[in-house]
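This report describes the fold, the nonpolar core and the aromatic pairs of one protein chain. The sequence and the structure are shown first.

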Amino acid sequence: MVANLSKPSQRELLQAFADLTKIRLNVVDNTAPLNFYDWVDTVKQNVQLCELNNENAIVALRGTLIGACSTNFYSYLSAYRKVHSKEPSLEEVFKHFESQYANPLTPVSYTHLRAHETLAN
């Protein structure tokens, strides 16, 4: 008997990715997700494991995002497509999310804080 060695369908690949990727990226009360880099590492690893092409990887990402992260992703995709007339690469998506969520607090000097306090009075 000959085994069926056909390549998995897109649906099967996306399901495999979803089954493997248990980590979700979520923003609660505008607080950056603590698991951002874990999410990136997991997604990269599972995209490679499931042998997803860029288009399928972008589709698969949608299932790993919750709430504001999901909304942000759809806004980013829409804007990117309008400007570039194509899908962003996975690395471009990670850069976008890193700018949004990895380090949302930019340190400022004491003088800068005092200037805001003076303006508020």
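The protein chain exposes about 8,500 Å², and carbon and sulfur atoms supply 54% of that area. The model is a predicted one. Of the chain's 121 residues, 31% count as buried. The secondary structure consists of six helices and zero strands, in the order α-α-α-α-α-α from the N terminus. Among contacts between residues at least 6 apart in sequence, 66% join residues at least 24 apart.

The largest nonpolar core has 26 residues, and Leu25, Trp39, Leu52, Phe73 and Phe97 touch the most other members. Two or more residues of this core come from each of α1 (10-20), α2 (36-49), α3 (54-61), α4 (67-84) and α5 (90-102). Beyond its neighbours within four places in sequence, Leu52 is in contact with Leu13, Leu14, Phe17, Val47, Ala57 and Ala60.

A polar residue is also buried. Asn46 lies in helix α2 and has a relative accessible area of 4%, so Asn46 counts as buried. The side chain of Asn46 makes a polar contact of 2.9 Å with that of Thr21. With neighbours within four places in sequence left aside, the contacts of Asn46 are Phe17, Leu20 and Thr21.

The structure contains seven aromatic pairs. Two of them are set out below.

| Pair | Distance of centres | Angle of planes | Class |
|---|---|---|---|
| Phe36 and Trp39 | 6.1 Å | 40° | tilted |
| Phe73 and Phe97 | 5.9 Å | 20° | stacked |

Phe36 and Trp39 are both buried. They are separated by about one helical turn, because they stand three residues apart in helix α2. The pair of Phe73 and Phe97 links distant parts of the chain, with Phe73 in helix α4 and Phe97 in helix α5, 24 residues apart. Phe73 is buried at 0% relative accessibility, and Phe97 is likewise buried at 0%. These four residues belong to one aromatic cluster, formed by Phe36, Tyr37, Trp39, Phe73, Tyr74, Phe94 and Phe97.

How many disulfides does a search of the whole structure find? The search finds zero. Among the cysteines, Cys50 is buried with a relative accessible area of 6%, and Cys69 is buried with a relative accessible area of 0%.

Notes:
Residues are numbered from 1 along each chain as its sequence is written. This is a predicted model: local features need pLDDT of at least 70, side-chain atom pairs count only at pLDDT 80 or more; totals for chains, interfaces and linings use all residues. Side-chain values use heavy atoms; hydrogens and water are left out. A nonpolar core is a set of buried Ala, Val, Leu, Ile, Met, Phe, Trp, Tyr and Cys residues joined through side-chain atoms within 4.5 Å. Buried means under 20% relative accessible area, exposed over 50%, partly exposed in between (1.4 Å probe, protein chains only). Helices (H or I, at least four residues) and strands (E, at least two) are DSSP runs, numbered from the N terminus. Contact means heavy atoms within 4.5 Å. A polar contact is a pair of N or O atoms within 3.5 Å; within protein, one must be able to donate a hydrogen and the other to accept it, and residues adjacent in sequence count only if both atoms are side-chain atoms. Accessible areas come from the Shrake-Rupley method with a 1.4 Å probe; for residues, only the protein chains shown count as cover. A disulfide is a pair of cysteine sulfur atoms within 2.5 Å. Rings of Phe, Tyr and Trp (its six-membered ring) pair if their centres lie within 6.5 Å; planes under 30 degrees apart count as stacked, over 60 as edge-to-face and the rest as tilted.
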